[in-house]
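Trainee: I would like to go through this model with you, one question at a time. Where should we begin?

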Amino acid sequence: MQRNSMAEEKREDLEADHKNTERTLSLARHVMGKLVRPVRVDEDLLQHWVLPSADFSGDVVAAAMTAGNRLHVILADGTGHGLSAALCMMPVSEIFYAMTEKGFPIGSIARELNKKMYDLLPRDRFIAATLASIDWPNKTIEIWNGGGPPAFFLSESGQCLNAWKSKFLPIGVLSDKDFEEKVEVFQWNEPGQLFLHSDGLTDARNPQDMLFGTVRMHSTLLEVGCEQRFEHLKKSVMAHAGALVADDDISLVVVHCKLTLCGAMELE
């Protein structure tokens with residue numbers, strides 16, 4: 001009888017813990033839903049995908065148009081995944097949007113993010129981030145890449161016209177005096193697409209423990225026409241992983257760099 005009573009108490013304790021966890025997660029979802037702005041962009045201009053490996057994503061994708069017809073984009077990948085990673089990433093989009101709307105260049109935005117996150121995060125936490133600024137009147141792309149996978153520009157025919165490897169440490173590693181905000185500039189003379197992605201995309205594993213990989217990613221993009229690349233890559237990654245839960249958050253951004261600015265951004 002006593003054993004049954006102990007078992008019942010244990011079951012009730014587990015149920016109570018589960019309910020408390022669910023309430024905590026529900027509250028976190030509500031707060032983050034209020035604080036993190038969704039990306040509102042015409043798909044003719046930008047497509048994006050974020051696939052969390054847990055209930056919450058440690059990846060952040062944000063985009064906003066400046067008053068000077070520049071599109072600013074950030075893809076940021078925080079250490080770890082789940083709720084703890086998402087909490088650490090919460091200031092990123094707010095700082096990015098506030099400074100973009102005030103007209104700051106992406107190098108300055110990267111510096112401010114680094115300064116804030118260096119003060120905020122413990123030393124074992126940091127953020128791999130790629131920031132891009134696309135200027136349609138001048139046909140230029142500026143990139144700041146700190147710890148992220150290479151960004152790259154594909155022509156409509158599939159030729160890689162430029163790539164931007166990481167030249168800086170991730171955000172939150174260096175103090176402000178040691179931080180470098182220099183950007184790399186590329187001018188496109190023919191239409192194409194700018195690709196940004198987190199390492200979760202190329203590190204996605206299949207049931208045979210094989211990585212999706214960089215080579216497979218690039219070959220996948222060449223299998224279809226320009227307009228189908230985003231969806232085709234997304235579906236290919238999902239098919240590769242199958243029913244497996246991803247080890248890391250996956251994020252992807254494609255900016256359609258046509259010769260004239262099209263699409264619209266809703267500013268808040």
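Mentor: Begin with a cut-off: a residue is buried under 20% relative accessible area, exposed over 50%, and partly exposed in between. Keep in mind that this is a predicted model.

Trainee: By that cut-off, is N69 buried, exposed or partly exposed?
Mentor: N69 lies in the loop between strand 2 and strand 3. Its relative accessibility is 38%. That value falls between 20% and 50%, so N69 counts as partly exposed.

Trainee: What is the phi of N69 in the turn of the hairpin?
Mentor: Strand 2 and strand 3 form a hairpin with four residues between them. Most residues other than glycine have a negative phi. N69 is not a glycine, yet its phi is positive, near 65°.

Trainee: How many bridges pair strand 2 with strand 3?
Mentor: Strand 2 covers residues 59-65 and strand 3 covers residues 70-78. D59 has D77 as its bridge partner in strand 3. The two strands pair in the antiparallel sense, and the number of bridges is seven.

Trainee: Which residues of strand 2 point the other way from D59, V61, A63 and M65?
Mentor: In a regular strand the side chains alternate between the two faces of the sheet. Seven of the seven residues of strand 2 are buried, so burial does not tell one side from the other here, as both sets are buried. The residues pointing the other way are V60, A62 and A64.

Trainee: Which element gives the largest share of the largest nonpolar core?
Mentor: That core has 25 residues, and those with the most contacts inside it are I74, A76, V92, I127 and L131. Strand 2, strand 3, helix 2, helix 3 and strand 4 each give two or more residues to it. The largest share, seven residues, comes from helix 2.

Trainee: How many residues are in the second, separate core?
Mentor: Its members include V61, M65, L75 and W164. In soluble globular proteins, nonpolar side chains tend to be buried together. For this second core the number of residues is 23.

Trainee: What distance separates the end C-alpha atoms of helix 3?
Mentor: Helix 3 has 15 residues, 106-120. At 1.5 Å a residue it should span 21 Å. The distance between its end C-alpha atoms agrees with this, at 21 Å.

Trainee: Which residues of helix 3 are buried?
Mentor: An α-helix has 3.6 residues a turn, so residues three or four places apart point the same way. Among the contacts of L131 are I106, I109 and A110, which are also on the list of buried residues in helix 3. The full list is I106, G107, S108, I109, A110, L113, N114 and M117.

Trainee: Which residue forms a salt bridge with D176?
Mentor: D176 is in the loop between strand 7 and strand 8, and its partner is in helix 3, 65 residues apart. D176 is partly exposed at 32%, and the partner is partly exposed at 23%. The closest N and O atoms are 2.9 Å apart, and the partner is R111.

Trainee: Is K167, in its salt bridge with E184, buried or exposed?
Mentor: The closest N and O atoms of K167 and E184 are 3.4 Å apart. E184 counts as partly exposed, at 25% relative accessibility. K167 has a relative accessible area of 58%, which is over the 50% cut-off, so K167 is exposed.

Trainee: Which strands stand at the edges of the open sheet of five strands?
Mentor: The order is 1-10-9-6-7, with antiparallel pairing. A strand at the edge has a single partner strand, so one side of it is left without a neighbour in the sheet. The edge strands are strand 1 and strand 7.

Trainee: At what angle does helix 6 run to strand 1?
Mentor: Inside that sheet, strand 9 and strand 10 pair over six bridges, with G192 opposite C257. Helix 6, residues 229-241, lies across strand 1, strand 6, strand 9 and strand 10. The angle between helix 6 and strand 1 is about 15°.

Technical notes: Residues numbered from 1 in each chain as written. Predicted model: local features only at pLDDT ≥ 70, side-chain atom pairs only at ≥ 80, totals over all residues. Heavy atoms only, no water. Expected span 1.5 Å × (residues − 1). Buried < 20%, exposed > 50% of the residue type's maximum accessible area, 1.4 Å probe, protein only. Pairing = 2+ DSSP bridges. Contact = heavy atoms within 4.5 Å. Axes fitted to C-alpha atoms, helices over the stretch in contact; angles between N-to-C directions. Salt bridge = Lys/Arg side-chain N within 4 Å of Asp/Glu carboxyl O. Core = buried A, V, L, I, M, F, W, Y, C linked by side-chain atoms within 4.5 Å.
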